[in-house]
Amino acid sequence: MKRNQRVNLIDGPILPSLLSFAFPILLSNIFQQLYNTSDVMIVGRFLGQKSLAAVGATSAIFDLIVGFAVGVGNGMGIVIARSYGAKNENKLRKSVAATTIIGGILSLLVSFIGVFGLYPLLQFLGTPSGILNQSYLYISTIVNGVAVTFAYNLCAGLLRAIGDSLAALYFLIIAAILNILLDLFFITQLHLGVQSAGIATIIAQSTSAILCFLYIL
């Protein structure tokens, strides 16, 4: 992968640079939603309508988690971008360190809330009792692994802060494909059920976070 793929938003015509920077971000948001979409399609194909309904019933919670992680990553990226643009290396280092700490704290907070509030939330959203346990097994796996969701989005925010929106997209595409392959393997070969779709998602997200982190290093 080319290292010098940062978009210059300071010099030259702004529109072409802005479009080339924004388009990968748009695609990244689409691919992040594909985790849950592929889980729904594969579970519905191989585990039946009840399991399909169980995973589909968690889509709102899944979107909320992803949206929150994306928002935090982009928000922290703004702070980092200002330090980078000002060529203030000391403040840049502090901003990245603060981002790491905030991401860790928020991950623990979301996991803690999930332990006590996830099951009641599913009931509040009107999840039918016949699929409630399967829905909880799937989404609780996602919530327990929320740290990797935050890790990827914080790393992606850091890359975008210095004008590189392509690298994070590449890693996300790899992870989305891996998620589909793991879904198929866990469900059709190992017969692990609905929860395995959540496990596949966490493994795929972990892969994108690790690749992103290694690229940053």
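**Entry 1: α1 against α6**

I started with the residues where two helices touch: F21, I25, S28 and Q32 in α1 meet Y152, N153 and R160 in α6. By type, the residues of this contact divide into three nonpolar, three polar and one charged. I keep in mind that I'm working on a predicted model.

Next I pulled the geometry. The angle between α1 and α6 comes out at about 170 degrees, and their axes are 12 Å apart. Anything over 145 degrees counts as roughly antiparallel, so that is the label α1 and α6 get.

**Entry 2: two residues of α1**

I stayed on α1, which spans residues 14–47, and looked up Q33 there. Is Q33 buried, exposed or partly exposed? Its relative accessible area is 30%, so I noted Q33 down as partly exposed. Leaving out neighbours within four places in sequence, I found Q33 in contact with D63 and V66. I also checked Q33 against F62: they are 29 residues apart along the chain, and their C-alpha atoms are separated by 8.7 Å.

Then I moved to V40, which also lies in helix α1. Which residues does V40 touch, if those up to four places away in sequence are not counted? I got L52, V55 and G56. For a long-range check I took V40 and Y84, which are 44 residues apart in sequence; C-alpha to C-alpha, I read 40 Å.

**Entry 3: α3 against α4**

Y84 sits in α3 and turns up in the contact with α4, so I went there next. Helix α3 covers residues 59–85 and helix α4 covers residues 89–124. I have them packing at about 165 degrees, with 10 Å between their axes. That makes α3 roughly antiparallel to α4. I logged the crossing of α3 and α4 as right-handed.

Which residues make the contact? On the α3 side I listed I61, F68, V72, M76, V79, I80, S83 and Y84. On the α4 side they meet K91, L92, S95, V96, T99, I102, L106, V110, L118, L121 and L122. I sorted the residues of this contact by type and got 15 nonpolar, three polar and one charged.

**Entry 4: aromatic pairs**

How many aromatic pairs does a search of the whole structure find? My search returned five. I wrote up two of them, beginning with F68 and F150. Their rings are 5.7 Å centre to centre, with 90 degrees between the planes, and the pair is edge-to-face. This pair links distant parts of the chain: F68 is in helix α3 and F150 in helix α6 (residues 146–161), 82 residues apart.

I checked how accessible each partner is. F68 has a relative accessible area of 38%, so I put it down as partly exposed. F150 is at 1%, which means buried.

The other pair I wrote up is F185 with F186. Their ring centres are 6.0 Å apart and the planes stand at 50 degrees, so this pair is tilted. Here too I looked up both partners: F185 is partly exposed at 41% relative accessible area, while F186 is buried at 12%.

**Entry 5: loose ends tied together**

Looking back, I met F68 twice: it is among the α3 residues that meet α4, and it pairs with F150 edge-to-face. Helix α6 also came up twice, once packed against α1 and once as the helix that holds F150.

Terms used:
Residues are numbered from 1 along each chain as its sequence is written. This is a predicted model: local features need pLDDT of at least 70, side-chain atom pairs count only at pLDDT 80 or more; totals for chains, interfaces and linings use all residues. Side-chain values use heavy atoms; hydrogens and water are left out. Axes are lines fitted to C-alpha atoms, for helices over the stretch in contact, and angles run from 0 to 180 degrees between N-to-C directions. Helices (H or I, at least four residues) and strands (E, at least two) are DSSP runs, numbered from the N terminus. Angles under 35 degrees count as roughly parallel, over 145 as roughly antiparallel, 65 to 115 as roughly perpendicular and the rest as oblique. A crossing is left-handed if the near helix is turned anticlockwise from the far one by less than a right angle, and right-handed if clockwise. Contact means heavy atoms within 4.5 Å. Ala, Val, Leu, Ile, Met, Phe, Trp, Tyr, Cys and Pro count as nonpolar, Asp, Glu, Lys and Arg as charged, and the others, Gly among them, as polar. Buried means under 20% relative accessible area, exposed over 50%, partly exposed in between (1.4 Å probe, protein chains only). Rings of Phe, Tyr and Trp (its six-membered ring) pair if their centres lie within 6.5 Å; planes under 30 degrees apart count as stacked, over 60 as edge-to-face and the rest as tilted.
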